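Reader: I'm new to this structure and would like a close look at one part of it. Could you walk me through the largest pocket and the residues around it?

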Amino acid sequence: MHMRKVPGFVPASPWGLRLPQKFLFLLFLSGLVTLCFGALFLLPHSSRLKRLFLASRTQQPGLEVMAEVAGHSPAREQEPPPNPAPAAPAPGEDDPGSRAGPRRRKGWLRRTRPTGPREEATAARGSSGVAAPKPGEESIPFSFDFNAFQSRLRHPVLGTRTDESKEPQSRVRAQREKIKEMMRFAWQSYRRYAMGRNELRPLTKDGYEGSMFGGLSGATVIDSLDTLYLMELKEEFQEAKAWVEESFHLNVTGEASLFEVNIRYIGGLLSAYYLTGEEVFRIKAIKLGEKLLPAFNTPTGIPKGVVNFKSGSWGWATAGSSSILAEFGSLHLEFLHLTELSGNPIFAEKVRNIRKVLRKIDKPFGLYPNFLSPVSGNWVQHHVSVGGLGDSFYEYLIKSWLMSAKTDMEAKNMYYEALEAIETYLLNVSPGGLTYIAEWRGGILDHKMGHLACFSGGMISLGAEDAKEEKRAHYQELAAQITRTCHESYARSDTKLGPEAFWFNSGREAVATQLSESYYILRPEVVESYMYLWRQTHDPTYREWGWDVVMALEKYCRTDAGFSGIQDVYSSSPNHDNKQQSFFLAETLKYLYLLFSEDDTLSLEDWVFNTEAHPLPVNHSDSSSGAWHRH
């Protein structure tokens with residue numbers, strides 16, 4: 001029997017509710033469900049829940065990282081507040097959150113053969129050796145097999161300890177210990193007066209921030225991590241690591257130098273990770289690397305020098321603006337390792353595009369000018385220098401070849417072609433017999449070298465072995481001659497420290513000609529070349545020269561509260577500049593320490609140093625990620 005509808009009659013629902021009431025109830029219920037799902041998918045800390053519900057979308061390593069980069073995820077704009085660390089899987093169990101590829105074990109990174117400061121971290125990992133994230137860390141959804149990486153190293157990171165009880169080994173050990181004491185003093189002074197600031201001002205006993213890091217802090221902390229580890233300053237290393245875990249925040253909004261952030265912060269964090277396996281360093285490096293990516297959003301893909309962390313934009317987008325060769329050419333090492341550790345190919349793609357542009361563009365006489373328009377892709381002016389503005393571009397070519405385990409043929413060919421052009425058009429010998437690399441301005445030479453150019457002796461020595469057979473001995477001799485010239489710039493000053501630039505004209509050689517070029521700011525390039533030449537030749541001269549630098553630093557640059565640069569190397573009582581540069585701890589003291597260490601300490605078979613002296617590993621793997629075997 002069918003019920004006949006009666007006008008004005010509203011039937012009750014099975015729950016005893018009339019239809020309008022039922023409609024309102026269902027409306028409320030649907031709103032509640034929508035709110036729950038919105039929270040699940042939109043709140044910044046729902047990434048783990050997303051992976052639980054969307055497991056089918058997370059099968060490709062780095063996919064989530066790529067998606068967030070492309071979409072500028074809100075979760076990347078601010079760092080998350082502390083949240084509980086996930087429980088580590090038991091030994092032998094898989095981590096359900098891992099997305100390991102065929103080569104990679106699931107689970108948090110595992111470590112073996114702990115040495116130095118790593119021993120202190122064992123308790124934090126538990127008996128499984130699992131390096132789980134700390135509270136407040138957000139995991140990067142990618143698994144890197146740290147245990148397998150360590151097993152491929154051909155030498156212990158800190159080298160082997162030989163019997164140093166007899167001369168001259170005991171003297172070398174004492175020299176090394178002195179340099180270690182200098183590092184401890186520099187760090188302790190920074191920690192006491194400027195901890196968390198970018199650099200120490202030792203005369204006024206306070207900190208200095210500067211403007212080139214976009215609001216990032218602690219440059220000295222990040223720059224010091226691997227040097228503290230290398231010198232086995234265990235307590236100091238733990239202090240630095242704790243600061244990174246607790247106080248190094250990336251939610252900054254200023255304008256930063258792409259180059260400086262990359263070589264100091266990215267390089268320092270990558271190096272600290274590869275030395276220790278601590279997840280905090282890997283995660284911070286990748287997140288900071290993502291914040292640099294907008295700098296590449298130019299018509300050519302050549303990045304601008306400045307990136308705005310707040311807007312993500314790159315600065316000075318005009319046809320007349322230019323990018324600097326040494327800056328956009330010194331990203332390759334770090335960005336390949338960002339891809340290696342994140343599974344995200346975008347980092348490697350960005351720097352490969354730079355190579356592509358440079359290979360296509362015409363080069364005057366085979367030389368690379370220092371300025372390139374990121375808008376048009378053309379050279380802005382024909383100024384060529386192996387010193388400032390050009391220097392580390394050449395360095396990264398030979399080091400890319402070495403870091404790829406000698407598979408990156410493009411880098412190798414570009415390096416040796418550039419070196420031949422430099423030798424043909426820039427290399428000179430002074431009337432006094434000093435070999436130097438001049439600067440080139442549209443065919444006219446400036447007969448000077450900058451302190452920054454003094455790295456080139458070490459670079460040429462490092463690359464001599466892989467040159468054409470008939471050129472190898474020539475390049476080794478050329479490296480020695482350039483390094484001798486740079487030593488002369490030190491020896492001819494009253495302080496036995498070198499000026500910022502030195503000239504070869506008017507009968508004066510290897511000396512600055514004006515006060516504005518007579519300062520020394522604790523630069524490392526000369527002792528860097530001493531270290532490479534020592535490792536290649538074992539000529540004791542380089543250790544003698546290095547020790548002279550140690551004594552000069554102690555006499556003229558050490559203050560009551562740290563080390564300071566000086567304003568005039570030709571004065572026997574120079575004024576200080578009141579700045580302990582972060583690169584003094586990252587580079588100068590590290591290279592001096594390595595000069596008096598065994599060759600297998602951070603062996604050149606296993607490591608290359610970025611232009612801030614942060615060691616990055618050679619890729620010894622036969623089947624690595626797409627970051628490597630491309631050319």
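Author: Here is a walk through the largest pocket, followed by some residues of interest along the way.

Keep in mind that this is a predicted model. For orientation, the protein chain has 631 residues, and 58% of them are buried. Its secondary structure comes to 21 helices and 19 strands. If you look at contacts between residues at least 6 apart in sequence, 69% of them join residues at least 24 apart.

Now for the pocket itself. The largest pocket holds about 770 Å³ of space. Its lining is made of 38 residues, and the ones nearest the centre are E260, G388, D391, L452 and R523. Sorted by class, the lining has 16 charged, 12 nonpolar and 10 polar residues.

Which elements each supply at least two residues of that lining? On the helix side they are α10 (258–276), α12 (325–328), α15 (391–403), α19 (525–537) and α21 (582–595), and on the strand side β11 (439–441) and β13 (448–450). Helix α10 gives the largest share, with four residues.

The UniProt record adds something here. In an unreviewed entry, it places the feature "active site" at E260, D391, E500 and E525. E260, D391, E500 and E525 are part of the lining of the largest pocket.

Let's zoom in on two of those. E260 sits in helix α10. Its relative accessibility is 14%, so E260 counts as buried, the cut-off being under 20%. Setting aside neighbours within four places in sequence, E260 is in contact with M212, F213 and Y265. D391, for its part, belongs to helix α15. With a relative accessible area of 12%, D391 is buried as well. Beyond residues up to four places away in sequence, D391 touches A326, S385, V386, L452 and F455. One of those partners, L452, is also among the residues nearest the pocket's centre.

From E260 you can step along to Y265, which is found in helix α10 too. Y265 is buried, because its relative accessibility is 0%. Leaving out residues up to four places away in sequence, Y265 touches N198, F213, L216, S217, G218, A219, I222, F248, E260 and L288. Y265 and T220 are 45 residues apart in sequence, yet their C-alpha atoms are 9.5 Å apart in space.

N198, one of the residues that Y265 touches, is worth a stop. You'll find N198 in the loop between α7 (169–194) and β1. At 1% relative accessibility, N198 counts as buried. The side chain of N198 reaches the backbone in two places: a polar atom of this side chain lies 2.7 Å from the backbone oxygen of E209, and the side chain reaches the backbone nitrogen of A219 at 3.0 Å. Apart from neighbours within four places in sequence, N198 is in contact with a list of residues including Y190, Y208, T220, Y265 and S582.

That list brings us to T220, placed in helix α8 (residues 219–230). T220 has a relative accessible area of 0%, so T220 is buried. Away from its neighbours within four places in sequence, T220 is in contact with W187, Y190, N198, E199, S582 and L585.

Back to the UniProt record for another annotation. The feature "binding site", again from an unreviewed entry, covers T611. T611 lies in the loop between β18 (607–609) and β19 (615–617). Is T611 buried or exposed? T611 is buried, with a relative accessible area of 15%. Its side chain and that of E395 are joined by a polar contact of 3.0 Å. Not counting neighbours within four places in sequence, T611 is in contact with F259, I263, S392, E395, Y396 and E587.

Finally, two loop residues with a backbone feature to look for. K205, in the loop between β1 (199–201) and β2 (206–208), has a phi near 55°, a positive value in a residue other than glycine. A405, in the loop between α15 and α16 (409–425), also has a positive phi, near 60°, and is not glycine either. K205 counts as partly exposed, because its relative accessibility is 41%. A405 is partly exposed too, with a relative accessible area of 33%.

Methods. Residues are numbered from 1 along each chain as its sequence is written. This is a predicted model: local features need pLDDT of at least 70, side-chain atom pairs count only at pLDDT 80 or more; totals for chains, interfaces and linings use all residues. Side-chain values use heavy atoms; hydrogens and water are left out. On a 1 Å grid over the protein atoms alone, a cavity is a set of points where a 1.4 Å probe fits but cannot get out, and a pocket is an open set with protein on both sides within 12 Å along at least five of seven lines; lining residues have an atom within 4 Å of a point. Grid points are joined across faces, edges and corners, and a volume is the space filled by probe spheres set on the points. Ala, Val, Leu, Ile, Met, Phe, Trp, Tyr, Cys and Pro count as nonpolar, Asp, Glu, Lys and Arg as charged, and the others, Gly among them, as polar. Buried means under 20% relative accessible area, exposed over 50%, partly exposed in between (1.4 Å probe, protein chains only). UniProt positions are given in the numbering used here, feature names are shortened, and annotations may be inferred rather than shown by experiment. Contact means heavy atoms within 4.5 Å. A polar contact is a pair of N or O atoms within 3.5 Å; within protein, one must be able to donate a hydrogen and the other to accept it, and residues adjacent in sequence count only if both atoms are side-chain atoms.
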